[in-house]
Each structure stands twice: as C-alpha cells, then as structure tokens.
Amino acid sequence: MAKYLYKLGQWSMNHAKAVIAAALILLLVMGGLVLGYGFEFDEDLSIPGTSSQDTIEMMKEEFPEVGNAGGQILLVHKAPEGKTLMDPDVAEKLNEVVQRVQEDKAVEAVYTPDMLMNYNKDQTIAYSMVMYDTVAAEVSEKSIAHVKEAAQITEDAGIQTELSGDVEVHPFKMEMATEVLGVLAAFLILFFTFGSLLVAGMPIITAGVGLGIGLLGVVFATNFTSISTVCLSLAAMLGLAVGIDYALFILSRFRQEYEKGYSIKQAVAIANGTAGSAVVFAGLTVVIALLGLSVPQIPFLSMMGYTAAVGVFLAIVIAVTVVPAVIYLFGDKMAPPAGRKKTVSERFTDRIKLSGKLMNGWARLVGKFPLVVALAGMVILGVISIPFFHMELGLPDDGFYGEDTDERQAYDLLKEAYGEGYHASLVVVAKAEEGGEVLSQLETLQADITAMDHVAYISNVIPKETGDMAVITLNPVTGPNDAETKELVNELRGVDYEGMDLFVTGLTAVNIDTSDKLADALPVFAALIIGLAFVLLVVVFRSILVPLKAVLGFVLSLGATLGFVTWVIQDGNFYELFGFSTSGPVLNFLPIIVVGILFGLAMDYEMFLVSRMREEFTHSGDARKAVLAGLRDSGGVVTAAGLIMIAVFTGFMMAPDPMVKVMGLALAFGVLFDAFIVRMMIVPAVMLLMGKAAWYMPKWLDRIVPNIDVEGETIMNDMEAPERLKGKAAPNTKTVQQ
C-alpha cells in the first residue's frame, strides 16, 4: 500500500493543477445536478417486520380508506387574552382561514373545530384539520406554503396559530452558523499547531471540497432512494471532521520529513506513502464500521451508514490526491522553518504548541507512573459508564425543540389543550378471525380499553363496512416516551378476545417497536465491530496484546460515552448547559451510531499513535523507548486531531434539531474520552507495563497474517538518505545524491 500511495503522491504533484481543477469541477457538477433535479428527503424511520409496521401494512391492504388516508395539517389556534374562539370576531377570522385553505385544489376536505368538537374546556384552544388527496410525503411545498399564507390571517388578528400534523410543515434547515463556529475553532487549533494561517486553512479547505461533493451527492440521491435529513447531518458531521484530520496527518508528516532534509517533492511523496497509508487504513476502517450499520437490517439506519461512508470515503480520496497537490503548489509556504527565520506567528505559537515540550513532559510523566495513569483512566471511565446500565431509548418529538421554535410552540399548544397524551395517540385495530365479525363486541371493547390504566379517552372509532374490522384511536394519559405508555401498548397487545385479534400501531407504537428492535440489535452489532477491530489490528500491528488492549479501551470509551449521554439527556443533569430544552430518553438509534462511528475514530487515533511506536520498536527493539517516542512524535498530532473532532462535533451540538444535537453531544464526548483518556493515558501506560510482551506474535500466526506496511517501512528502506534541501544540507542531516 505504501509504495502505491508514494507513487500516487508523485503523480498528484506532477498533475497538481489538473487534480485540483478536477475536484472543483466535480463539486460544481454535483451542485448543478442538485439545482436541476432538486431534492426529496424521506423522514420515514419505521422498521419493516415490527408489529406496528405490519399492522400499518395490513390496514393499507384491508382497510384502504383508513390505511391510505391522505396527509393532514392541523391549524392550531389559541384565542387572544380575554377572549374565546367562540367569540364572533375570532370565529370570523377562523372561517376566513378555512375558506382560504379550501382554495387549494389538492385539499380534499377541511374540518373545523365546530365539526370536530375539539375545543378545550375554556374554548380558548382548538384546531382545524386540513385533509389532502395524497399521502403526507407527497403533499407539495406549494400546498404547505398556501396553508402558511392562510394562517397569517389569524396571526395578524392576534390569534396564535401554529401548524402541526403528519405533513412536514417545518422543512429541514441546515443551520450553518453553529457549524461555522466549530470550523473556526478547528482553524484556531490548526493555527496553534502549525503557526501559519495558510497552513491552518489548507486542511479545512480541502475537507470542505470533499464534504461539498459528498453532501451534494447525498442530496442528489434523495431523488432516487429513501434518505432522511438526519443522514445529511451525520454525513456532514463525520465527513468534515475526518476530512480535516486526514489532511492534518499527511501535512504533519510532510513537515516532519521536510525537517529531516528531504526536498518538498520528496517529503510530500513520503508523507503520502506513510501517513497516507495510515489514513487509508484508518479511513477504510471507519467506512467498514459505517457499512456495518446495515447488519441489523434497519432501512433508515443502513442509509445513515451508507451516506456517512460516502463522506468518509471522499475524505480519504481528497487526502491522498488533492492534499499532496496543494502542498506541492504552495511549496515553501507549507513547510516548517528549517533553515529559515521563523515568522512572528511561528515564534508565538511555539510557546503553546501541542507537541514539543508539552508532549515530552507528558511522556515523562506516563513513563514514571504508568500504573497510576492507567488505573486513573480506567476508574474515570468506569465511573462515567455507570448510568449506561439504566439507559432507556426513545425518539425525540417536537417537545424536544427549543421553546422559541415553531415545532415546540405547536406541540405545547396541543399539550395545553388536550394533555400530554395527545402526542402519544395509539391506533388499535380489531380484526375478526376468519368468518367472524367485530361489531357485536365493539362496545364492550371500547369500555374495556377506557377502563385500562393510563388511558385518557377514546377519540375516534371507525368500523369497516364489512364488519370484520374496526379502528379505535385513543389518547393515553402519559406522553409518547413515558414508561407508562409503553406498558399500555404491551397491555393492549395482550388482550385476548374470542374470535378477534387486537393490533396496536400509530407513531408512538412504531417508535416503541423501533427502540426495542434497536436495543436488541446493539449487542450483536457491538460484538461484530469489536471482533472486526481485533482482527484488523492484529494484521496491522502483528501483535495479540496490542489489539486486545485497543478494543478493551474502545469498550471503556463507548461505555463512558453512552453513560455520560444517559446522565445528561435521560437523568436530566445539566441538560440546559448543553443546549437541550428538556430531558427524556436517549435517541433510539444513537447507541448503534456511536458504536460504528466511535470505533472508526478510535482506530484512527490508535493507528497514528501506536504505528509510530511500532516503527520505533522495529528499529530499536526497545519497548519503553518505542512507547515514549510514539507519545512525543505523534501525541501532539493526535491531540490536535481530537480537539478538531470535538470542535466540529460541538458545532453540530448547537444545532436546533434535537437528533442532530444529541449526536453532536455523544460524538464530542466520545472523542474526548477515547482520544485523551484511552489513547493518551491508558494505551501508553498499559504498553509500558507490558513491555516487549506487547509485541508478542505467535510464529504460526505471523506466517499466515498478511504484512500490511502501514508505517511505510518499505519506502524508507528504499530511500538512500535525505536529499539536499534547496542545495544545502538541512541541520543534522548528511549530504546525499539526488
């Protein structure tokens, strides 16, 4: 691999302008395709094969007038202070809204509060229901805009009006301001790492090009397959973070080789063959982990993995092709001050660099107290992991948005009028066994359901004309993510009526089934990922104990990440500090996402830190010296990479969407725990304690395991010696022939 990447680096430099132009042209082409075709996200997060989803499919087939009902938008009104919705002037404005909405030919019917009799007790809150002739996902943006325009009539009259329903009335918005803050923080970290504004900007720009191509590709693909907006957020989050880090790794290695006395061109090629090999291997590990999200066979989760994998793959391609071309074109401006006077910024940043004296001091501390450092890291992560053992999964609804958002205001109005259970409505389908009917038992069934614990009221009953099926809609007392609601779903499914079967569906039941399915899939997926990690690391490091230590460290950081998220989100500790408006269950697909992504990132840091240790051990045979050299030489880069990841993920943590926000929180702290406690504390300390045993490999296994030259040892062996730097030997190097 190293030799191929070395040659690829040379090719990229020889065709530098063409390589950069090709990347920019591809970016423009993808932008043009998106502008021409538009996009069509699908927010369906259901899982085929669950009880609730099977019930929906049954309704569509056997009771199509209900199962295939058109989309609906609720116009929720609240009367001005001191008035009711029944007052003549207020009622007149509500009627004006209804008349305006009915002008849209796509509207099948509009049901007013008078028709629905849905006024709250003091008649200050009620809603009108707009029914469309197409399913919710196919209601056009023009129709949605028409409803919003009509709602402005009551808003202008001082009547609070919010939109809700199963039609997506609040389209997904990429909040760039928060992401920009994360990128600015990453830029500052790079500046203090390299002491140059130009060098600091290069990884961000190249990562941005790869990210732009990837995101535009995902958006374009929404026209042909089912992709949710959260896929775009995850791809952006991960693609940006790894894109910056991968460019950082190659740029750092280039500067190291240049300081040894190699020419610009030779240093770039070596960096691409050595650090580039680690980038490719680490990046493909992330890609494999993301593709592994398809193992549980959950469609929306698989698509999240596919789209994020595209972003990471493009980050790899950009890193080993465009980055070498850019470094070569800028030449000396990308190089460290070898043989030249340092600039003002370089002298300033030297005082607070993440490498140098800081890493030397940390290496000495770990070397002096390895047992204390290892135990301290393990105890810290172990304590943080404790809340994980009572983690509950759920799906955030509009109640998790900030209080100033349209989504939250509509949610709160409906909750104020009809109680918490309004948002947890359940659909009970009573179906007669073959040859039977349900109508004769329908009244008894309604009475039994109403008498159950946690049932507030039955809101609707629709019997099928043939008499063999009926659909009952009910509202629980508790909210969609409460344990009592889940108990009610299980109780309803357990009811036994002679000659009749009961099925439960609805959005709340779908989310409960989804959470259960994801919880069941988590141990299998985690075991698969951990097993994959062990095998890959055995191949790379040709050792048994080093990979074992790496995967056990990953388990520690994973437990701490999920434990911390549970402590904040579910247990409600300092959730406001992290920008959350309320506490609640952990996002149901977050654990699997964290397993896949954190595994990949953990292997990134393991690769760049331990590969340097192995390189030193191969040359010197001194296990202690190898560990300390890895900390000194690669510790600063791993620290900078970890800080950049945290900065980018923190930017997403400040986004308004609760699902994006919680993913940002989990990944930011996951990187914090893994990069700084596991990789920078536990890993070097444990390897010092193991000594040479860390690198033990049975001879029989050594013979059958393929030799992957991630460190680029074959390249360095082929190099006779450093070339002259601009005609003069660099400090501490020998003069050699070109």
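## A four-stranded sheet and some surface residues

Ala430 stands opposite Leu502 in strand E9. The model is predicted, so local features need pLDDT of at least 70 and side-chain atom pairs count only at pLDDT 80 or more, while totals for chains, interfaces and linings use all residues. Residues are numbered from 1 along each chain as its sequence is written, and side-chain values use heavy atoms, with hydrogens and water left out.

Helices (H or I, at least four residues) and strands (E, at least two) are DSSP runs, numbered from the N terminus. Two strands pair if DSSP finds at least two bridges between them.

**The sheet.** Strand E6 (residues 426–432) and E9 run antiparallel and are joined by 6 bridges. They belong to an open sheet of 4 strands with antiparallel pairing, in the order E7-E8-E6-E9. Strand E7 (455–463) and strand E9 (500–505) are the edge strands, each pairing on one side only. From one strand to the next, the twist averages 25 degrees. Helix H17 (residues 439–450) packs on this sheet and touches E6, E7, strand E8 (469–476) and E9; contact means heavy atoms within 4.5 Å. The direction of H17 makes about 165 degrees with that of E7. Axes are lines fitted to C-alpha atoms, for helices over the stretch in contact, and angles run from 0 to 180 degrees between N-to-C directions.

E7 and E8 pair in the antiparallel sense over 7 bridges, and Pro463 stands opposite Ala470 in E8. The hairpin of E7 and E8 has 5 residues between the strands, and in this hairpin Gly467 takes a positive phi near 85 degrees.

**Positive phi in loops.** Two residues that are not glycines also appear with positive phi. Their exposure classes follow these cut-offs: buried is under 20% relative accessible area, exposed is over 50%, and partly exposed is in between (1.4 Å probe, protein chains only).

| Residue | Phi | Loop between | Relative accessible area |
|---|---|---|---|
| Gln123 | about 60 degrees | helix H6 (113–116) and strand E3 (125–132) | 31%, partly exposed |
| Phe574 | about 60 degrees | helix H20 (545–570) and strand E10 (586–587) | 55%, exposed |

**A nonpolar patch.** Which residues form a nonpolar patch on the surface? They are Val180, Leu181, Leu184 and Met654, with about 350 Å² of accessible area together. Leu184 is in helix H8 (residues 176–194). Leu184 can count in the patch because its relative accessible area is 47%, and patches are made of residues with over 30% and no salt bridge, with nonpolar side chains (Val, Leu, Ile, Met, Phe, Trp, Tyr) joined within 5 Å.

How values were computed:
Patch = residues over 30% accessible without salt bridge, like charges linked within 9 Å, V, L, I, M, F, W, Y side chains within 5 Å. Areas by Shrake-Rupley, 256 points an atom, 1.4 Å probe, with all protein chains shown as cover. Salt bridge = Lys/Arg side-chain N within 4 Å of Asp/Glu carboxyl O.
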